[in-house]
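Q: I'd like a close look at how the strands pair up in this one. Walk me through it, please.

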Amino acid sequence: MKPVKLGRMTVRKIFEMESGPPMPLIVPGVTADDLARLAVWHTDDSLGPTPEQSAFMMSMHSYVLQLDGSNILVDACNGNHKQRSIPDVNQADTPFLANLAAIGLTTDDIDLVLCTHLHFDHVGWNTRLENGRWVPTFANARYLFSRRDFEHFGRQQIEDDHLRAFRDSVLPVYDAGRAELIEPDISVHRQIGDGVWLEPAFGHSPGNFSVFAQADGERAIFWGDVIHHPVQLVHPALPMSFDGDPEQARQTRQRILRMAVETQLVCFPAHFRDPSAGRVLRDGDCYRYRFLE
Ligand SMILES: [Zn+2]
């Protein structure tokens with residue numbers, strides 16, 4: 001993705017990795033008809049004519065939102081050296097920080113880290129290993145976490161990747177006094193600075209929020225995991241196996257898609273493959289996506 005300039009802000013993408021589980025595993029209800037509808041406006045080497053011949057290919061990346069001298073990191077990918085159950089992610093060793101350096105930034109330049117939710121693939125770079133301990137990667141940054149997610153994953157009993165991520169990528173930031181917990185009633189738009197605000201987008205996780213930004217230009221949305229893959233635009237009601245509350249997630253997905261069209265948002269999806277950024281358009285009873293050039 002080329003840097004996207006919207007008024008006083010510029011958005012850049014920091015790539016980490018791609019991962020493509022079999023499509024039926026992630027969206028069990030997807031049909032060949034859905035894929036045919038998607039193929040009208042989107043082709044991708046991970047997609048075949050049937051769900052069984054397709055992967056649910058996801059890019060893992062962060063965005064850096066640069067506005068009036070501040071650098072805001074939206075979502076923090078998987079991180080390096082973390083113990084996870086998924087082979088692509090387990091003990092990863094990616095050049096994410098070199099990719100950050102390639103846009104001229106060091107870890108010390110990040111002022112604010114926004115995790116749209118606390119799943120393992122959005123918090124990993126919050127911390128890095130230093131002398132055998134997990135320490136905040138972005139030493140000068142404030143980190144904003146959703147209190148609902150913080151309490152949910154903090155209470156969780158099942159030993160899974162989300163709990164591991166809570167322990168190695170969320171708690172160390174909190175314990176270092178660098179985290180601020182966002183209350184669940186952010187139904188009143190929560191301003192976090194000039195031109196940047198959060199809105200609730202619950203369902204995928206209990207406290208998932210979306211980030212909005214606008215500064216003398218078009219309005220941007222970083223929708224986190226409200227939508228993972230372009231196939232969800234042709235079939236927004238499709239249940240998605242990572243959604244914590246599938247019914248609430250479906251309602252949120254449909255609301256955000258409607259909003260993206262009605263308010264002409266420039267979208268920065270958390271998992272669409274390059275070039276990732278684009279706009280949602282209405283397409284009969286569903287939607288399509290036009291990637292930015
Ligand atoms: Zn995700």
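A: Buried residues (under 20% relative accessible area with a 1.4 Å probe, protein chains only) make up 56% of the 293 residues in this predicted model. Local features need pLDDT of at least 70 and side-chain atom pairs 80 or more, while totals for chains, interfaces and linings use all residues. Numbering starts from 1 along each chain as its sequence is written, and side-chain values use heavy atoms, leaving out hydrogens and water.

The protein has 8 helices and 16 strands (DSSP runs numbered from the N terminus: H or I of at least four residues, E of at least two). Now to the pairing, which takes at least two DSSP bridges between two strands. Seven strands, ordered β1-β2-β3-β4-β5-β8-β9, make an open sheet with mixed pairing. At its edges stand β1 (4-6) and β9 (179-182); each has a single partner strand, so one side of each is left without a neighbour in the sheet.

Inside that order, have a look at β2 (residues 9-19) and β3 (residues 58-67): they run antiparallel, and 10 bridges join them. If you want a spot to line them up by, find I14 in β2, which stands opposite S62 in β3.

Next, go to β6 (residues 127-130) and β7 (residues 133-136), another antiparallel match, joined by 4 bridges. Here T127 stands opposite P136 in β7. The two strands form a hairpin with 2 residues between them, and in that hairpin N131 takes a positive phi near 50 degrees.

For scale while you're rotating the view, the protein's C-alpha atoms fill a box of roughly 50 × 45 × 40 Å along the principal axes.

Terms used: Buried means under 20% relative accessible area, exposed over 50%, partly exposed in between (1.4 Å probe, protein chains only).
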